[in-house]
Amino acid sequence: MNERHQDIVISIVDAVRAVLREKQVTFDEYRAGFHHLIETAAAKETGLLLDMFFNQTICDTEMQHRMGTRSNVEGPYFLEGAPMVTDEIKVRGDVDPLLIRGQVKDTNDNPLPDVDVDIWFSSPDGFYSGFADDYPQEYFRGKLITDKNGRFCVKGSIPGEYPITRERHGPTGSLIASLGGQGRRPRHVHQKYRKPGFQTLTTQAYFAGSKYLDEDPVESVFDDLVHEVKVEEGIKVLTLAIVLDPS
């Protein structure tokens, strides 16, 4: 463990101990939390729990040193190795088609060609491919490359709103309920942008007018990430303007 890791871990432990002392947490309360964490791990929701409370904090910290598009929660459902696509991401089921198009620039307003763009989103019923038996990894996610003008355009589908946990009585869902919150995330499309010489950007696009924008359990909805979806020639269109920061 290097010096920075040691500093961070010790600081976290000290902070938790300070709360335990301040709130005079009892042994029974401590063991209840202890067992909840064990249940969370058994349900394979550890990543979900951590991302729900802490991922956006890391993104906010990143934005203190960035000028480009806002960094936003990656979430636990990103997968490397998404299929390469040119004009269409494979979807299945009763979908509402969505055209996702955008342009990537640097902070000096210069278009950026050859940017690796990962796009992933949930199925209409709120599942992510590669994590649900009905949806193998080649569905609802794809990788593409921006053209010489930094542009990309790909057809996908409107994602579904989905609960933070598939069952409300799951350990993460029960914790949300105990805190007085609701467990459903608003519709969103995930993106990750990568190009040598630039900071990797992971972000999300939310849909204006959709449910739960004001009560997102992850607290990661920001006005500059909420987009109006327009209809062109009978298809809904999401248009993105992305700015990457230099490394």
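Helix H1 (3-22) and helix H2 (27-42) each contribute at least two residues to a nonpolar patch, where helices are DSSP runs of H or I with at least four residues, numbered from the N terminus. This is a predicted model, in which local features need pLDDT of at least 70, side-chain atom pairs count only at pLDDT 80 or more, and totals for chains, interfaces and linings use all residues. Residues are numbered from 1 along each chain as its sequence is written, and side-chain values use heavy atoms, with hydrogens and water left out.

The patch lies on the surface and includes Ile 8, Ile 12, Val 25, Phe 27 and Ile 38, with about 790 Å² of accessible area for the whole patch together. Such a patch is made of residues with over 30% relative accessible area and no salt bridge, nonpolar side chains being joined within 5 Å and like charges within 9 Å. A salt bridge is a side-chain nitrogen of Lys or Arg within 4 Å of a carboxyl oxygen of Asp or Glu, and accessible areas come from the Shrake-Rupley method with a 1.4 Å probe.

Two loop residues can be set side by side; partly exposed means between buried (under 20% relative accessible area) and exposed (over 50%).

| Residue | Place | Relative accessibility |
|---|---|---|
| Val 25 | loop between H1 and H2 | 33%, partly exposed |
| Ala 43 | loop between H2 and helix H3 (46-62) | 35%, partly exposed |

Just after H1, Gln 24 takes a positive phi of about 50°. The C-alpha atoms of Ala 43 and Gln 103, which are 60 residues apart along the chain, are separated by 39 Å.

Methods
Buried < 20%, exposed > 50% of the residue type's maximum accessible area, 1.4 Å probe, protein only.
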